[in-house]
Amino acid sequence: MIAAALDVTPGWYLVLGSLLFSIGAYGLLIRRNPLVMFMCVELMLNAVTLTFVTFSRMLEDTGGQSIVVFVLVVAAAEVVVGLAIIVALLRKRPDATADDVALLEG
Amino acid sequence: MTVELFVFVVAAAACLAGAIGVVASRNPVHAALSLVGTLFGIAVLFVAEEANFLAAVQVIVYAGAIVVLFLFVIMLLGVDRADDHDIEPLVGQRLAAGFVALGILGLTFAAIASTGYEATGAIVGFDAKVPDINRLGQSLFTDFLFAFEITSILLVIAVVGAVLLARRGRREEEIVDPGQEERAEEIAQKMLVAEYRAHPEEFYEYEAGEDGEETDEDSGEDAESEEVRT
């Protein structure tokens with residue numbers, strides 16, 4: 001009985017992914033430093049990849065893992081462009097927050 | 001306690017602790033290091049879920065490249081000062097964010113529970129004897145070939161965009177160092193004192209005149225720096 005209850009089912013991974021996603025969303029909404037907001041987006045992406053890998057194992061379908069590869073590629077591209085924008089923003093003003101993105105106008 | 005349970009508990013604890021560290025730490029460097037903990041925990045969970053290749057890629061790409069990129073930006077621009085969490089510029093922001101996060105959590109939990117913690121859908125069934133990297137390669141270059149080719153265009157666009165953004169930023173304005181003026185003034189004063197000690201007789205003649213000139217310059221500089229900051 002106890003052994004059955006302590007078996008790690010795929011549901012545990014899904015719940016963990018859900019928790020990570022919520023924490024990332026909360027951080028994205030409350031933090032004002034653009035760099036930390038980006039890290040929170042990475043957290044949310046990782047929660048989703050964990051869910052994809054879990055479904056991939058549950059359904060015995062490699063497609064889920066392929067999607068994770070694409071998520072990785074998109075995350076890398078997003079970080080490159082996003083950090084370039086943040087660098088341009090922080091050069092204008094070292095203490096810029098998410099509210100100061102309008103500084104890049106023009 | 002089975003091995004799988006032990007691995008899951010340790011890795012999940014690392015993930016959650018890292019996630020909370022990212023959200024709660026005041027210093028961006030600490031947040032980036034907490035992110036490494038989360039990414040590493042997820043890599044361990046990938047191994048536990050028989051996605052060995054993705055675990056390796058996770059460590060190399062995320063912990064090895066993306067977090068290092070974050071740290072580069074933090075340290076190159078010198079923005080590693082602590083954020084003040086006590087100020088809440090938008091009143092009620094945290095409360096609203098908490099409700100949104102709890103809403104997302106509730107929705108996802110409900111979705112997971114409604115299917116009985118199992119996936120809905122047909123089980124495809126792969127050959128478990130084939131290594132996961134072979135299966136992944138076959139899937140990427142057959143079913144997802146078009147998407148895979150599109151990612152190459154995405155990466156080129158990202159590289160070109162990053163170069164363009166970084167170049168334009170450098171031309172427009174140099175990095176403003178807030179302490180530069182004070183440091184320069186301090187050094188000039190020290191040099192003046194040294195000069196005075198070496199040759200005190202040369203200073204008696206124009207001491208008063210230079211003082212007046214210096215204060216004039218000071219006020220001019222202050223006004224200028226005020227303009228830059230506002």
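Here are some short exercises on a predicted model of two chains, A and B, each with a worked solution.

**Exercise 1. Find out which pLDDT averages the two chains have, and where chain B falls below 50.**

Start with chain A: its mean pLDDT is 88, and 94% of its residues score at least 70. Within chain A, helix 2 has the highest mean of the elements, 94, and helix 1 (residues 2-5) the lowest, 55. Now take chain B, where the mean is 82 and 83% of the residues reach 70 or more. The stretch to flag in chain B is 212-226, with pLDDT below 50. Leaving aside near neighbours in sequence, that stretch makes two contacts in the model. For the model overall, the scores are ipTM 0.90 and pTM 0.77.

**Exercise 2. Work out what secondary structure chain B has.**

Count the elements and you get eight helices and zero strands. Walking along the sequence, the pattern reads α-α-α-α-α-α-α-α. Next, look at burial: 16% of the 230 residues in chain B are buried. Then check how far apart in sequence the partners sit. Taking the chain B contacts with a separation of 6 or more, 52% join residues 24 or more positions apart.

**Exercise 3. Describe the side of chain B that touches chain A.**

First the head count: 74 residues of chain B contact 62 residues of chain A. Next, ask which elements of chain B give two or more residues to that side: they are helix 1 (3-24), helix 2 (28-48), helix 3 (52-77), helix 4 (93-114), helix 5 (132-142) and helix 6 (145-172). Finally, sort the chain B residues by chemistry, and you find 52 nonpolar, eleven polar and eleven charged.

**Exercise 4. Locate the largest nonpolar core and say which residues touch the most other members.**

This core holds 57 residues, and those touching the most other members are A:Leu20, A:Leu35, A:Met39, A:Leu43, B:Val22 and B:Phe46. Two or more residues come from each of helix 2 (10-30), helix 3 (34-58) and helix 4 (63-92) of chain A, and from each of helix 1, helix 2 and helix 3 of chain B. Helix 3 of chain A gives the largest share, twelve residues.

Now zoom in on B:Val22. Skipping residues up to four places away in sequence, its contacts in chain A are A:Gly27, A:Met39, A:Cys40 and A:Leu43. Within chain B, B:Val22 touches B:Ala31, B:Ser34, B:Leu35 and B:Thr38.

**Exercise 5. Explain why the buried residues of helix 5 of chain B lie on the same side of that helix.**

List the buried residues to begin with: B:Asp132, B:Leu136 and B:Ser139. They span an arc of only 65 degrees around the axis, so they end up on the same side of helix 5 of chain B. These buried residues pack against helix 4 of chain A and helix 3 of chain B. Now turn the helix over: B:Asn134, B:Phe141 and B:Thr142 are exposed on the other side.

**Exercise 6. Track down B:Glu50 and A:Glu60, two non-glycine residues with positive phi.**

B:Glu50 has a phi of about 65 degrees and sits in the loop between helix 2 and helix 3 of chain B. With 15 C-beta neighbours inside 10 Å, B:Glu50 counts as partly exposed. A:Glu60 has a phi near 50 degrees, and its place is the loop between helix 3 and helix 4 of chain A. A:Glu60 is partly exposed too, with 14 other C-beta atoms within 10 Å.

How values were computed: Residues numbered from 1 in each chain as written. Chains lettered and ligands numbered in written order. Predicted model: local features only at pLDDT ≥ 70, side-chain atom pairs only at ≥ 80, totals over all residues. pLDDT = per-residue confidence, 0-100. Contact = placed C-beta atoms within 7 Å. Helix = DSSP H or I, 4+ residues; strand = E, 2+ residues; numbered from the N terminus. Nonpolar A, V, L, I, M, F, W, Y, C, P; charged D, E, K, R; others polar. Buried ≥ 20, exposed ≤ 12 C-beta atoms within 10 Å, placed from the backbone. Core = buried A, V, L, I, M, F, W, Y, C linked by C-beta atoms within 7 Å. Arc of directions from axis to C-beta.
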